[in-house]
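Please read the following account alongside the sequence and the coordinates, moving from one pair of packed elements to the next and then to individual side chains.

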Amino acid sequence: MSTGITLARHAEAAVRHCGLVVVSLDGPPQVHDAVRRIPNAHRKLAEGVAELRRHRPSFPVFGRCAVHRLNFRHLRETVEFSRQLELTRLSFLATDVTSEAFNRPSGWAADRQEAIALASDDLPELEEELDRLEAECRADFESGLIMDPPQALRTKLLGFYRAHNGLGEFPPVRCNAPWASAVVEVDGTVRPCFFHEPYGNVHEAGSLEAVLASPKAVAFRRELDVRTNPICRRCVCPQTYPRHSETATPSSLAAAAAG
């Protein structure tokens, strides 16, 4: 996963060592730059994608757009920009504003959450934008460029933000990420996914497989119920990995974590 800012510099290594790259796409060019607060961030992203393809023309590059108050009116333009970038796939998801993930050890304060998350007054506009997205980008749904079908996208975005504003239950979560993958942070910390607390460190345990087979990790997977866990219930990006079973062994978990 990459913001794309330094992707061009590392493109050769990424193509050599990775199966795919997922880039953060925050909207059409002007919106993307405003969200990133970096002049010409969209150009750096485009140069990075082009450099990946220069090393391997068929290399898969997925886009991921976190939808929030700064970009929810621009979903169709975001799809157009993904076409210009010649991305392989594009996914939309709601924005996590309540967890401690992504270098937010104390979470976001209420005013920061309100500035990013959609309020109830925004929901009619979001619904209208989703209607137009379905009508005007039908070919992109059919081709698979937009990963989720229209109704699933409504559930992921409109359903999530309705629940966030107390207007219903959060959409049901189907996810096997903790059983089939792992997040390894730069200091060796290992998490079952981005949102749950760490259960080990590769440097302290000696290897990733040792962390995944540790009593703490095994107990976490045994006891976790994604249907009821409060962190899972608010998850914005549940993942399912069809190649791995819910009873994956430490060896297969290590392989999945390695890509």
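In this predicted model, helix 4 and helix 6, the latter spanning residues 123-136, pack with their axes 8 Å apart and at an angle of about 40°. Because that angle falls neither under 35 degrees nor within 65 to 115, helix 4 counts as oblique to helix 6. On the side of helix 4, the contact is made by Leu75, Arg76 and Val79, while helix 6 contributes Leu126, Glu129, Leu130, Arg132, Leu133 and Glu136. Sorted by class, the residues of this contact comprise five nonpolar and four charged ones, with no polar residue among them.

The description just given rests on two quantities, since two packed helices are described by the angle between their axes and the distance between the axes. A second pair can be read in that way: the axes of helix 2 (residues 29-36) and helix 3 come within 7 Å and cross at roughly 105°. An angle from 65 to 115 degrees counts as roughly perpendicular, and helix 2 and helix 3 are therefore roughly perpendicular to each other. Helix 2 brings Pro29, His32, Asp33 and Arg36 to this contact, and helix 3 brings Ala41, His42 and Leu45. By class, the contact of helix 2 with helix 3 holds three nonpolar, two polar and two charged residues.

The loop between helix 2 and helix 3 deserves a look at its backbone. Arg37, which is found in this loop, has a positive phi of about 60° although it is not a glycine. Asn40 is also found in the loop between helix 2 and helix 3, and its phi is near 60°, again a positive value in a residue other than glycine. As for their surroundings, Arg37 is exposed, with a relative accessible area of 72%, whereas Asn40, at 34% relative accessibility, counts as partly exposed.

Which residues of helix 1 are buried? In this helix, which covers residues 7-17, Leu7, Ala11, Ala14 and Val15 are buried. When the helix is viewed down its axis, these buried residues fall within an arc of 90°, so they line one face of helix 1. The face turned away from that buried side carries the exposed residues Arg9, Arg16 and His17. Among the elements that cover the buried residues of helix 1 are strand 1 (21-24) and helix 3 (41-55), so that helix 3, already met through its contact with helix 2, enters the picture again here.

A buried residue can also sit in a loop, and His68 offers a case to examine. His68 is found between strand 2 (61-67) and helix 4 (75-85), and at 6% relative accessibility it counts as buried. Leaving aside residues up to four places away in sequence, His68 touches Val35, Thr95, Ile116, Leu118 and Tyr161.

Tyr161, one of these contacts of His68, leads on to the aromatic side chains, where the count comes to three aromatic pairs. The rings of Phe160 and Tyr161 have their centres 5.5 Å apart and their planes at 85°, so the pair is edge-to-face. Both partners lie under the 20% cut-off for burial: Phe160 is buried with a relative accessible area of 6%, and Tyr161 is buried with a relative accessible area of 0%. Another aromatic pair, that of Tyr199 and Phe220, is edge-to-face as well, with 6.0 Å from centre to centre and 75° between the planes. Tyr199 lies in the loop between strand 5 (189-191) and strand 6 (200-201), and Phe220 lies in helix 12 (residues 215-223), so this pair ties together parts that are 21 residues apart in sequence. Tyr199 is itself buried, with a relative accessible area of 5%. Phe160 and Tyr161, for their part, belong with Phe170 to one aromatic cluster.

It remains to set these details within the whole chain. The secondary structure of the protein chain comes to 14 helices and six strands, and buried residues make up 45% of its 259 residues. Among contacts between residues at least 6 apart in sequence, 66% join residues at least 24 apart.

Terms used. Residues are numbered from 1 along each chain as its sequence is written. This is a predicted model: local features need pLDDT of at least 70, side-chain atom pairs count only at pLDDT 80 or more; totals for chains, interfaces and linings use all residues. Side-chain values use heavy atoms; hydrogens and water are left out. Buried means under 20% relative accessible area, exposed over 50%, partly exposed in between (1.4 Å probe, protein chains only). Helices (H or I, at least four residues) and strands (E, at least two) are DSSP runs, numbered from the N terminus. The arc is that of the directions from the helix axis to the C-beta atoms. Contact means heavy atoms within 4.5 Å. Rings of Phe, Tyr and Trp (its six-membered ring) pair if their centres lie within 6.5 Å; planes under 30 degrees apart count as stacked, over 60 as edge-to-face and the rest as tilted. Axes are lines fitted to C-alpha atoms, for helices over the stretch in contact, and angles run from 0 to 180 degrees between N-to-C directions. Angles under 35 degrees count as roughly parallel, over 145 as roughly antiparallel, 65 to 115 as roughly perpendicular and the rest as oblique. Ala, Val, Leu, Ile, Met, Phe, Trp, Tyr, Cys and Pro count as nonpolar, Asp, Glu, Lys and Arg as charged, and the others, Gly among them, as polar.
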